[in-house]
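The paragraphs below go through this structure step by step, beginning with a single side chain and moving on to its surroundings and the overall fold. Please keep the sequence and the model in view while reading.

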Amino acid sequence: MSVNKQNRHKRSKKQRNDLNKRRNSDYQNEATNVRRTALIGNWIVAIGTVVSAIGGTPSTIFTKQTPDDFRLIGPTLEAVGIALVAETEDTILYTVGDQIQAIGNLNVIAGVLSRNEQIEPLLEKQGDSAQLVGLGLVIKTAGPLTLLQTLYNTGLMIQLIGTAIEVYAIRGTVVAEDIKALGAWIKAGGAILTALATE
């Protein structure tokens, strides 16, 4: 092989190596961005569920308007966080599940904004039901799970249980409001666990 051919071969090999390094770097950067987005999204959801739980807990500490403000801010944060998480999902089923949850939160927001005693409970129940369906879709069941994935799933299941309690608590009585508040706090605990277990 001539000197020129050897030099061309070395340059070609170096170019291929450089290209592979750039591709690997791009993949790593993309994976890092996806993880960061999922982490931020899940923590926004967790904060939103805590705010919602505070707003839904019967209390004499706050003014009459404050719980409504919390019940508006909480689902808004949840919808934003879930929308971020949806961008990081690797399958269409999980993306759809997240989108359904976000739609459910928008329903809850619409109910609070309606300021109507008949419409608000209906929209809130529809919203909670949509979140219940969405949570059921995003629970990961395929393949062996790592410890973090198992904790992540456990957090989702706890959220599902809390949301189910919220859905089936009939409003209008003191006991029902307490049960609904319990469901909201269970959901918040699950959301925090999910956020902590986000890889």
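Is K140 buried, partly exposed or exposed, and what is its relative accessible area? In this predicted model, K140 has a relative accessible area of 23%, and because a residue counts as buried only under 20% and as exposed only over 50%, K140 is classed as partly exposed.

Two interactions of K140 can be followed from here. K140 lies over the face of Y94, at 4.4 Å from the ring centre, and it also forms a salt bridge with E89, in which the closest N and O atoms are 3.8 Å apart. That salt bridge links distant parts of the chain, since K140 is in the loop between α4 and α5 whereas E89 is in the loop between α2 and α3, 51 residues apart. The partner E89 has a relative accessible area of 16%, and is therefore buried. Although Y94 takes part in the arrangement with K140, a search of the whole structure for aromatic pairs finds zero.

The salt bridge just described belongs to a wider set, for the structure holds eight salt bridges. In one of them the side chains of E124 and R71 meet, at 3.6 Å from N to O; because E124 lies in helix α4 (residues 119-138) and R71 in helix α2, this pair ties together parts that are 53 residues apart in sequence. Both partners are classed as buried, E124 with a relative accessible area of 10% and R71 with 14%. E124 also meets K180 in a salt bridge, with 3.3 Å between the closest N and O atoms, and this pair links helix α4, which holds E124, to helix α6 (residues 174-196), which holds K180, across 56 residues of sequence. K180 counts as buried as well, at 9% relative accessibility. Salt bridges that share partners join D68, R71, R115, E120, E124, D128 and K180 into one network.

Helix α2 (residues 65-86) also contains E78, and at 3% relative accessibility this residue counts as buried. The side chain of E78 makes a polar contact with the side chain of K187, at 3.0 Å. Leaving aside residues up to four places away in sequence, E78 touches V45, G48, T49, S52, N105, Q131 and K187.

Helix α5 (residues 147-168) allows a check on geometry. Its 22 residues should span 32 Å at 1.5 Å a residue, and because its end C-alpha atoms are 32 Å apart, the model agrees with that expectation. The buried residues of α5 are Y152, N153, G155, L156, Q159, G162, T163, E166 and V167. When reading such a list, one may recall that an α-helix has 3.6 residues a turn, so residues three or four places apart point the same way.

These details can now be placed in the overall fold. The protein has six helices and zero strands, and read along the sequence it follows the pattern α-α-α-α-α-α. Of its 199 residues, 36% are buried. Among the contacts with a separation of 6 or more, residues 24 or more positions apart account for 70%, and the salt bridge between K180 in helix α6 and E124 in helix α4 is one example of a link between distant parts of the chain.

Note on methods
Residues numbered from 1 in each chain as written. Predicted model: local features only at pLDDT ≥ 70, side-chain atom pairs only at ≥ 80, totals over all residues. Heavy atoms only, no water. Helix = DSSP H or I, 4+ residues; strand = E, 2+ residues; numbered from the N terminus. Expected span 1.5 Å × (residues − 1). Buried < 20%, exposed > 50% of the residue type's maximum accessible area, 1.4 Å probe, protein only. Phe/Tyr/Trp six-rings, centres within 6.5 Å; stacked < 30°, edge-to-face > 60°. Lys NZ or Arg CZ within 6 Å of the ring centre and 35° of its normal. Polar contact = N/O pair within 3.5 Å; in protein donor to acceptor, adjacent residues only side chain to side chain. Contact = heavy atoms within 4.5 Å. Salt bridge = Lys/Arg side-chain N within 4 Å of Asp/Glu carboxyl O.
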